[in-house]
Amino acid sequence: MAKKNGKRQGAGSTPAIVALEKAGAAFTVHAYEHDPATPSYGEEAAQALGVEPGRVFKTLVAEVDGALTVAVVPVSGSLDLKALATAVGGKRATMADPAAAERTTGYVRGGISPLGQRKRLPTALDASARAHTTICVSAGRRGLEVELAPEDLAGLTGAVVAAIARP
């Protein structure tokens, strides 16, 4: 089930897909069978889509100086909280409470998309995204990814692009 250049084919709609359509962005939707027992949603997506883990990015919500902030990093790495704080002009970052992340974004854990969130949050995209023509991020639910150019993702989310991931 794919969608290219704004043409969805049976994947179902999410706020992330609606946001991409509204923006007129070029993207492809990829659906796969999600296993609820999987220990890593991002690695599951990479394997199911046959995409190298460095091209599949996970969306994490952190608190920087008390404000919720989105970090988009490759599933093959982890978030460097200090680098995130620096990238968004803060001093200290911690991982956000999962319930607060879900409530604020409107998505469930494992399906949080950087796009189409209930409340637009400051966002940082790891600089490694620039090494790829396209990257995959959650389309707003488990088992659904959207592939798009990293520049489009940064533009649509207002993201700062910085080295915020550790290998």
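The exchange below goes through one sheet of a predicted model and the confidence behind it.

Biologist: What makes β7 and β8 a pair of strands?

Modeller: Two strands count as paired if DSSP finds at least two bridges between them, and 5 bridges join β7 to β8, residues 144-148, so the requirement is met, with the two strands running antiparallel. One of these contributions can be followed on the structure, where Ser-138 has Glu-145 in β8 as its bridge partner.

Biologist: Why are β1 and β7 called edge strands?

Modeller: The open sheet has 3 strands in the order β1-β8-β7, with antiparallel pairing, and β1 (28-31) and β7 (135-141) each pair on one side only, which is what the word edge refers to. Neighbouring strands of this sheet are turned by 35 degrees against each other on average, with direction ignored.

Biologist: How do you know that helix α1 packs on the sheet?

Modeller: Contact requires heavy atoms within 4.5 Å, and α1, residues 15-23, touches β1, β7 and β8, while its direction makes about 25 degrees with that of β8.

Biologist: Which residues does UniProt assign to a domain?

Modeller: The unreviewed UniProt entry places "domain: YbaK/aminoacyl-tRNA synthetase-associated" at residues 38-154; over that range the chain is 25% helix and 32% strand, with the end C-alpha atoms 29 Å apart.

Biologist: Where does pLDDT stay under 50?

Modeller: Residues 1-10 stay under 50, and the model has 27 contacts for them beyond four places in sequence. Because pLDDT is the predictor's confidence in each residue, on a scale from 0 to 100, those contacts call for caution, whereas the protein averages a pLDDT of 92 and 93% of the residues score at least 70.

Methods:
Residues numbered from 1 in each chain as written. Predicted model: local features only at pLDDT ≥ 70, side-chain atom pairs only at ≥ 80, totals over all residues. Heavy atoms only, no water. Helix = DSSP H or I, 4+ residues; strand = E, 2+ residues; numbered from the N terminus. Axes fitted to C-alpha atoms, helices over the stretch in contact; angles between N-to-C directions. UniProt positions renumbered as here; feature names shortened; annotations may be inferred.
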